[in-house]
Amino acid sequence: MSEINAWLEAHTGRFEEELCQLLRIPSISADAAHREDVARAASWTADQFRAMGLATEVIPTAGHPLVYAESDPVEGAPKVLVYGHYDVQPVEPLEAWISPPFEPTRREGNLHARGATDDKGQMFTHLKSAEAWLKNEGRLPVQLKYLIEGEEEVGSENLHRFLQEQVERLSCDCVVVSDCAQFAPGQPAITYGLRGICYYDLKLTGPNRDLHSGSFGGTVTNPAVALARMLAALIDDEGRIQVPGFYDDVVPLSEEERRQLADLPFDERHYLDEIGVDQAAGEKDFTTLERRWARPTYDICGLTSGHQGEGAKTVLPAEASAKFSFRLVPNQNPDKITGGLRAKLEELRPPGIRMELTSSHGSPGMLAPLKSPYVQAAARAIEDAFGRAPVFIREGGSIPVVAAFQKVLKADVLLLGWGQDDDNTHSPNEKFSLADFHRAIKASARLWGELGRLGG
Ligand code: BES
Ligand code: MN
Ligand code: MN
């Protein structure tokens, strides 16, 4: 390892430059205007694998392409699937960025750019670690199968299809994913749970055009009022979601896990100060970490209706719409939840209002078993590179395909987050710590060695 580590230290500058090349490509998967850029990010990633001498393919899908690359099989050693994504979220509001989102800029030890942490920077660590092995040892201690997609930020629909069709090709002993965060600066973590998600677009329509609110107000249902009432009725004063059957399949937290979460050195004051909120809130009888990681939640993500411009316009809008989501915990079924939601909204829909509900991003939550030799190997690799043993945490965000990896490939999933909670994921001024970037490459290189010793 010392030879590999020395080589990694000698090449930090090049790794950063290469990551900057990828970060300059505005691969926004949700925006059709960036289709060519997304394709460019795929071929840039594929070129990296080819330069490493791996068998590489850019695989077209009905949406954005997949990049697949494979190293040679290693007799008697595990097969490891490495998953990540090269697509990024949109960048609005642009004026809030200190440096432009696609001009990577170093400030205070961080690299700022859209995709720096989510997920280009994190994913890239697993390429450089393999390159280190190949350059120094001429071989890898495990077979690596890289699957890097361009649609994670839009729900991974085409990857789900590919996974069903390619079970043989993707077969592996464990899956490595770096697309989440450490517990805190200086405290690395292994993540053993992700929430799932159901995302909706609800559109309410009333009169056939915007009306004068004086002439017509009070005689027909106002779609904006209807929307506000319906959305508010989906949650009660104690933070319980009012969709029939919503909690039926939720597995309660064990006392042991509640204790473990309570034992984490979580600084609630710091958490709130950092996001500028004076007081925590949420479902009654749960702690902030429980609410954040292990309880299902409801969030309105966007609201649109009526006059948004300057001044007051007395109008009764013809329509109102909202985007909202439920985060799910393991064992909740997205389709069942959507069924219950439809019934509830139908019941809440007032007279004179038509309703259209579309759902997207349905993916279940997951829990990874901790009693796995792969997890132990990852813990050793992380401790070696970060100088501190990882703590075990859950994550409130979602990585849609991960539960499907568990189910279809029957492989253990290692969620090794290299980011930080204040990385501004999906927000202006996204960043990734350069020190963590290089530590993570070391941890990844060590991980291949540790996994290689486990046998296949
Ligand atoms: N990498 C994130 C998930 C994540 C977010 C992990 C924050 C750790 C902290 C992933 O790219 C993501 O944004 N997922 C989406 C999925 C959705 C678009 C279906 C999410 O969680 O909103
Ligand atoms: Mn991500
Ligand atoms: Mn994301």
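**Ligand 1, the manganese pair and aromatic contacts**

In this predicted model, ligand 1 is surrounded by 13 residues, and the closest of these are Glu-152, Asp-179, Arg-327, Ser-398 and His-426. Sorted by class, the surrounding shell comprises 6 charged, 5 polar and 2 nonpolar residues.

Polar contacts to ligand 1 involve both side-chain and backbone atoms of the protein. A backbone N or O atom of Ser-398 is placed 2.7 Å from a nitrogen atom of the ligand. Oxygen atoms of ligand 1 take part as well: one is 2.8 Å from a polar side-chain atom of His-426, and an oxygen atom is found 3.1 Å from an N or O atom in the side chain of Glu-153. The ligand taken alone exposes 510 Å², of which 87% is buried by the protein.

Two manganese ions were examined in turn. The manganese ion designated ligand 2 is coordinated by NE2 of His-85, by an OD atom of Asp-118 and, through two entries, by OD atoms of Asp-179, at 1.9 to 2.4 Å. Asp-179 is also listed among the residues closest to ligand 1. Along the chain, the donors of ligand 2 follow the spacing H-x32-D-x60-D. The site of this ion has 6 donor atoms, with angles of 58 to 169° among them, and is classed as irregular.

The manganese ion designated ligand 3 is coordinated by an OD atom of Asp-118, by OE atoms of Glu-153, which is entered twice, and by NE2 of His-426, at 2.1 to 2.5 Å. The spacing of its donor residues in sequence is D-x34-E-x272-H. The site of ligand 3 is likewise irregular, its 6 donor atoms subtending angles of 56 to 153°. The two ions lie 3.6 Å apart and are bridged by Asp-118.

Residues that coordinate ligand 3 also contact ligand 1. His-426 supplies NE2 to the ion and has a polar side-chain atom 2.8 Å from a ligand 1 oxygen. Glu-153 supplies OE atoms to the ion, and an N or O atom of its side chain lies 3.1 Å from an oxygen atom of ligand 1.

Aromatic contacts were considered across the whole structure, where a search finds 15 aromatic pairs. Ring pairs join Tyr-200, Phe-246, Tyr-247, Tyr-298, Phe-324 and Phe-326 into a cluster. One member of this cluster, Tyr-247, has the charged end of Arg-240 over its ring, at 3.9 Å from the ring centre. A further arrangement of this kind involves Arg-169, whose charged end sits over the ring of Tyr-68 at 4.9 Å from the centre.

Technical notes. Residues are numbered from 1 along each chain as its sequence is written. Chains are lettered from A and ligands numbered from 1 in the order in which they are written. This is a predicted model: local features need pLDDT of at least 70, side-chain atom pairs count only at pLDDT 80 or more; totals for chains, interfaces and linings use all residues. Side-chain values use heavy atoms; hydrogens and water are left out. Rings of Phe, Tyr and Trp (its six-membered ring) pair if their centres lie within 6.5 Å; planes under 30 degrees apart count as stacked, over 60 as edge-to-face and the rest as tilted. A charge sits over a ring if NZ of Lys or CZ of Arg is within 6 Å of the ring centre and within 35 degrees of the ring normal. A residue is near a molecule or strand if one of its heavy atoms lies within 4 Å of it. A polar contact is a pair of N or O atoms within 3.5 Å; within protein, one must be able to donate a hydrogen and the other to accept it, and residues adjacent in sequence count only if both atoms are side-chain atoms. Accessible areas come from the Shrake-Rupley method with a 1.4 Å probe; for residues, only the protein chains shown count as cover. Ala, Val, Leu, Ile, Met, Phe, Trp, Tyr, Cys and Pro count as nonpolar, Asp, Glu, Lys and Arg as charged, and the others, Gly among them, as polar. Donors are N, O and S atoms within 2.8 Å of the metal (3.2 Å for Na, K and Ca); water is not among the atoms, so sites may look incomplete. Four donors count as tetrahedral if all angles lie between 85 and 135 degrees; four count as square planar and six as octahedral if opposite donors are over 155 degrees apart and all others between 65 and 115; anything else is irregular.
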